[in-house]
Amino acid sequence: MSQTLERGLVILDMIAERPRRIGEIAEMLSVHHSTALRLLHSLRRHGYVVEMPDHRYRLGHAFFRLSHDALAAVDLRTVAKPLMVELNHATGQTVHLAALEEGDVVYVEKIQSRHAFRTRSRVGAVAPIHSSALSKVILAYLSEDERRRLIQATKLSPWTPHTLTSTAELEADVAESHSRGFAFDNEENEAGIRCIAAPVFGCANKIKGSISITAPISKVDKSTLVGYLPALREVAQLTSKQLGWIGWRL
């Protein structure tokens, strides 16, 4: 790597921590003031740094554009699938991945359980907003306006005797999901099937999707399913970090 390029990268690392003055930059690079100024002028000309009114330098628009483009190019399914496979191996249960796409929660990946049971979920299908844990945990982290709009646009059909079919019930369940950081489906979407789901976030802590563990009640009781939560949260958190999540809570 050329010395000039290496110094430029060091400058970007330095001012990513906090804005810095040219004297501090020159000292940390062990170069003359004029050398640091020349490097900064090159970075500023291409939009990677900006000089502030107090003559400190901070990251510029070009750096943020590159960061945004890089994160946008990261595919949720590509990032999550290897972690989902590990979760499937660790628990033996079916693991789903869902994403919010134009108002629908869509299954984008499924790792099948080793048990001899099948769910009606399939990649590309829409997960009901009101009965799926994957959907409810996404609802929990949307803005109030967006959440309300999606709920109002949904027919709360009774998939099973346990399905939440009133707006008040659903909103209360979603509020509880937000409070505890995960959603639970207790035979609400399919009879004989329970599911627990955790949120996946991207940059700016925006909800990107959700990951769930699904199990038949004949094989896995409720307490055992909830016992999978730490492993589920870890997978959701690792996925989120790769998508640009900077961390606040999961």
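Q: Which elements cover the buried residues of α5?
A: In this predicted model, a useful way to read a helix is to list its buried residues and then to ask what lies against them. What covers the buried residues of α5 includes the strands β4 (94-101), β5 (104-111), β8 and β9 (207-216), together with α10 (229-242).

Q: Which residues of α5 are the buried ones?
A: The buried residues of α5 are Leu76, Val79, Ala80, Leu83, Met84, Leu87, Asn88 and Thr91, and here buried means a relative accessible area under 20%.

Q: How is the span of helix α5 read, and where does α5 bend?
A: The span is set against the value expected at 1.5 Å a residue, and the bend is read separately. Helix α5 covers residues 76-91, 16 residues in number, and its first and last C-alpha atoms are 22 Å apart, close to the expected 22 Å. At Pro82, α5 bends by about 30 degrees.

Q: How many cavities of 30 Å³ or more are counted, and how much space lies in the largest cavity?
A: A cavity in this sense is a space where a 1.4 Å probe fits but cannot get out. In this model the count comes to one cavity of 30 Å³ or more, and about 100 Å³ of space lies in the largest cavity.

Q: Which residues lie nearest the centre of the largest cavity, and which elements each supply at least two residues of its lining?
A: The lining of the largest cavity is made up of 13 residues, and those nearest its centre are Tyr107, Asp185, Asn189, Cys195 and Thr214. Among the elements, α6 (133-140) and β8 (193-201) each supply at least two residues of that lining. By class, the lining of the largest cavity holds five nonpolar, six polar and two charged residues.

Q: Where is Ala140 found, and is Ala140 buried or exposed?
A: Accessibility and contacts are best read together for a residue of this kind. Ala140 is found in helix α6, and Ala140 counts as buried because its relative accessible area is 5%, where the cut-off for buried is under 20%. Leaving aside residues up to four places away in sequence, Ala140 touches Arg147, Val174, Ser177 and His178. Ala140 and Ser121, which are 19 residues apart in sequence, lie 21 Å apart in space from C-alpha to C-alpha.

Q: Which residues does Ser177 touch, not counting residues up to four places away in sequence?
A: Ser177 is found in helix α8 (residues 167-180), and its relative accessibility of 0% is why Ser177 counts as buried. With residues up to four places away in sequence not counted, Ser177 touches Ala140, Tyr141, Phe182 and Ala183.

Q: What is the phi of Ser30, and where is the place of Ser30?
A: A backbone angle is best read alongside the setting of the residue. Phi of Ser30 is near 60 degrees, a positive value in a residue other than glycine, and Ser30 has its place in the loop between α2 (22-29) and α3 (33-45). Ser30 counts as exposed because its relative accessibility is 66%, the cut-off for exposed being over 50%.

Q: What is the phi of His55, and in which loop is His55 found?
A: His55 has a positive phi of about 70 degrees although it is not a glycine, and His55 is found in the loop between β2 (49-51) and β3 (56-59). With a relative accessible area of 52%, His55 is exposed.

Q: How is separation along the chain to be set beside separation in space, for instance for Glu6 and Ser30?
A: The two are read side by side, one pair at a time. Glu6 and Ser30 are 24 residues apart along the chain, and 13 Å separates their C-alpha atoms; Glu6 has its place in helix α1 (residues 3-17) and, at 44% relative accessibility, counts as partly exposed. Glu144 and Leu170 are 26 residues apart along the chain, with their C-alpha atoms separated by 14 Å; Glu144 belongs to helix α7 (residues 144-152) and is partly exposed, with a relative accessible area of 47%.

Q: How many residues apart along the chain are Glu102 and Ala80, and where does Glu102 lie?
A: Glu102 and Ala80 are 22 residues apart along the chain, and their C-alpha atoms are separated by 21 Å. Glu102 lies in the loop between β4 and β5 and is exposed, with a relative accessible area of 84%, whereas Ala80 is among the buried residues of α5.

How values were computed:
Residues numbered from 1 in each chain as written. Predicted model: local features only at pLDDT ≥ 70, side-chain atom pairs only at ≥ 80, totals over all residues. Heavy atoms only, no water. 1 Å grid on protein atoms, 1.4 Å probe; cavity = no way out; pocket = protein on both sides within 12 Å on 5 of 7 lines; lining within 4 Å. Points joined across faces, edges and corners; volume = space filled by probe spheres on them. Helix = DSSP H or I, 4+ residues; strand = E, 2+ residues; numbered from the N terminus. Nonpolar A, V, L, I, M, F, W, Y, C, P; charged D, E, K, R; others polar. Expected span 1.5 Å × (residues − 1). Bend = angle between axes of the 7 residues up to and from the residue. Buried < 20%, exposed > 50% of the residue type's maximum accessible area, 1.4 Å probe, protein only. Contact = heavy atoms within 4.5 Å.
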